[in-house]
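Trainee: I would like a close look at one part of this model. Please take me through how the two domains of one chain meet, and then set that in its surroundings.

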Amino acid sequence: MDDAVTLLGFGPEGWGLALLRGGLMTLAISACAFACGLVLGTLSAWAKIAGPPALRRAADTYGVVMRGIPDLLVIYLFYFGGRQLVSAVAQMFGHVGPVEVSGFATGCLAIGLLSGATQAEVLRGAYHAIPEGTLEAARVAGMRHWTMFRRIIAPQALRTALPGLGNQWQSVIKESALVSVTGLVETLRAVTIAANSTELPFLFFLAGGAIYLAITTISGLFFRLAEWRAMRGQPAAKVGG
Amino acid sequence: MDIAFIVAVFPKLLAGLPLTLLLAVLALAGGGAIALALSGLRASSWVGARIADFYVYVFRGTPLLIQIFLIYYGLAQFPAVRHSVLWPLLREPYVCAVLALMLNDAAYTSEILRGGLRAVSTGAIEAAKVAGMTRLTMLRRIVLPLAFRQALPAYGAEITSMVKATSLASVVTLMEVTGIARAEVSQSYRAIEVFLCAAMIYLVLVTVIARAIQLLEARLSPYRRPALARSPA
């Protein structure tokens with residue numbers, strides 16, 4: 001037991017610092033991927049609600065495709081496919097030998113793309129929950145599209161979307177573990193390295209699980225707090241059920 | 001795009017489909033059984049309910065990949081496990097992957113089950129009691145069918161997500177569709193073509209399953225009027 005404390009601690013023998021760095025990397029990649037997904041999700045939701053038919057179909061296809069492919073395969077496709085593409089381009093310019101692509105960037109893009117498809121559905125549902133009257137009132141008041149989006153649509157839709165977006169954030173954190181296959185040293189990769197060099201896999205994978213659990217739990221509390229704040233002054237609305 | 005290469009690689013990937021399906025079926029069957037046990041535990045006592053809650057919290061709060069690693073690499077840390085009668089089984093990546101998928105699926109399924117059971121109206125239960133049904137008959141004829149239909153859309157999503165999750169078994173060397181694709185890429189260095197082919201296989205599979213669930217749901221809800229809006233919960 002003392003061994004475990006030393007090994008997980010921050011002393012010279014301990015892996016604490018490496019695991020902490022891994023945890024921070026998990027947070028960084030999750031935040032980037034989530035932001036990426038939010039942008040894609042918003043665009044896709046807009047295309048589905050108000051876009052021209054061609055864009056609407058494109059957004060629908062994007063959703064169906066992303067929800068039908070395993071996360072791991074999307075990450076492989078972006079990382080190894082990206083490498084293949086970049087190598088081909090580099091060769092055209094006379095570069096010889098293999099080219100590396102960033103695991104962080106391809107991981108963010110891949111998870112962002114996956115999450116964007118689900119976030120689009122959450123945001124679309126939230127848009128449809130906006131009372132029609134407020135939109136009419138905004139139009140009658142002479143608001144332009146952008147003003148109406150900023151002052152009427154976004155505040156109301158985000159309030160409804162908050163629980164769904166919270167769920168998406170949780171999945172993004174869990175999906176970020178898959179980026180370890182690219183060699184990026186986030187939590188899972190950090191604990192794998194520690195497990196291999198100490199030959200104590202159970203201890204370190206358990207510690208890794210605890211790090212993820214801590215991240216999901218604490219950020220879950222933040223989302224709960226945000227939901228509670230967003231629902232102030234909404235006597236009729238109920239959070240959860 | 002090299003059509004000849006794609007034509008050659010497609011059947012190789014398809015050879016992994018039976019294993020993908022088998023993993024998904026075993027995970028769903030085992031996960032369903034554990035989920036039923038969990039809801040029994042939840043109904044049994046306060047302590048039982050807290051244990052079930054904790055199980056769900058842990059398995060839903062951590063990535064599936066770390067659960068697979070914990071079982072496949074982690075258990076070997078203990079000499080007691082290595083010397084036990086179960087070791088020939090626990091040494092197999094196949095058994096470990098199925099075990100992890102099962103345990104993970106159980107956490108999600110038990111939440112879906114809970115939602116379905118909660119949606120059974122008290123009126124239906126009262127009516128069954130008044131009609132003189134025994135507890136078991138009521139469960140079999142009223143509660144479970146209603147809960148099942150209510151939970152079907154969510155469970156359908158869980159089925160497709162399990163089919164996709166089987167791809168993680170490739171990380172512990174199993175040669176299902178993703179595993180074969182990965183091996184094929186390391187030989188041919190043509191990641192885009194191979195992974196797109198594999199993605200196509202999953203996409204078709206998931207679409208077919210999702211459609212089948214939709215049809216089943218429509219069959220089970222003949223009463224549903226087009227105007228009836230479903231609650232978002």
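Mentor: Start with the distance. In this predicted model, the centres of domain 1 of chain B and domain 2 of chain B lie 29 Å apart, taken over C-alpha atoms. The domain assignment gives domain 1 of chain B two stretches, 1-16 and 175-219. Domain 2 of chain B covers 30-161.

Now the contact between them. Six residues of domain 1 of chain B touch five residues of domain 2 of chain B. Together the two domains bury about 530 Å². Carbon and sulfur atoms give 89% of that area. Three residues stand out on the domain 1 side: B:Ile209, B:Ile213 and B:Glu217. They supply 71% of the area that domain 1 of chain B buries against domain 2 of chain B, more than any other three residues.

What about charge and polarity here? Across the interface of domain 1 and domain 2 of chain B, the rule finds zero salt bridges. Polar contacts are also at zero residue pairs, counting pairs with both residues at pLDDT 80 or more. By class, the side of domain 1 of chain B that touches domain 2 of chain B has five nonpolar residues, one charged residue and no polar ones.

Next, look across to the other chain. The contact between the chains takes 35 residues from chain B and 34 residues from chain A. Chain B and chain A bury about 3,000 Å² between them. Of this, 77% is on carbon and sulfur atoms. Salt bridges number zero across the interface of chain B and chain A. Polar contacts do occur: the count is ten residue pairs, both residues at pLDDT 80 or more.

Which elements of chain B give two or more residues to the side that touches chain A? They are α3 (46-61), α4 (64-74), α10 (177-188) and α11 (191-220) of chain B. The largest share, ten residues, comes from α11(B). The side of chain B that touches chain A divides into 23 nonpolar, seven polar and five charged residues.

Pause at one residue in helix α4 of chain B: B:Ile68. Is B:Ile68 buried or exposed? B:Ile68 has a relative accessible area of 1%. The cut-off for buried is under 20%, so B:Ile68 counts as buried. Leaving out residues up to four places away in sequence, B:Ile68 touches B:Ala100, B:Leu168 and B:Val172. For a sense of distance, take B:Thr160. B:Ile68 and B:Thr160 are 92 residues apart in sequence. In space they are 19 Å apart, C-alpha to C-alpha.

Finish with the partner, chain A. Its secondary structure comes to nine helices and zero strands. Read along the sequence, chain A follows the pattern α-α-α-α-α-α-α-α-α. The C-alpha atoms of chain A fill a box of roughly 70 × 55 × 25 Å, taken along the principal axes. Chain A has 241 residues, and 45% of them count as buried. Among contacts in chain A with a separation of 6 or more, 71% join residues 24 or more positions apart.

Back to your starting point. The contact of domain 1 and domain 2 of chain B buries about 530 Å². No salt bridge is found across the interface of these two domains.

How values were computed
Residues numbered from 1 in each chain as written. Chains lettered and ligands numbered in written order. Predicted model: local features only at pLDDT ≥ 70, side-chain atom pairs only at ≥ 80, totals over all residues. Heavy atoms only, no water. Domains from an automatic or database assignment. Contact = heavy atoms within 4.5 Å. Buried area = accessible area lost by both parts, 1.4 Å probe. Salt bridge = Lys/Arg side-chain N within 4 Å of Asp/Glu carboxyl O. Polar contact = N/O pair within 3.5 Å; in protein donor to acceptor, adjacent residues only side chain to side chain. Nonpolar A, V, L, I, M, F, W, Y, C, P; charged D, E, K, R; others polar. Helix = DSSP H or I, 4+ residues; strand = E, 2+ residues; numbered from the N terminus. Buried < 20%, exposed > 50% of the residue type's maximum accessible area, 1.4 Å probe, protein only.
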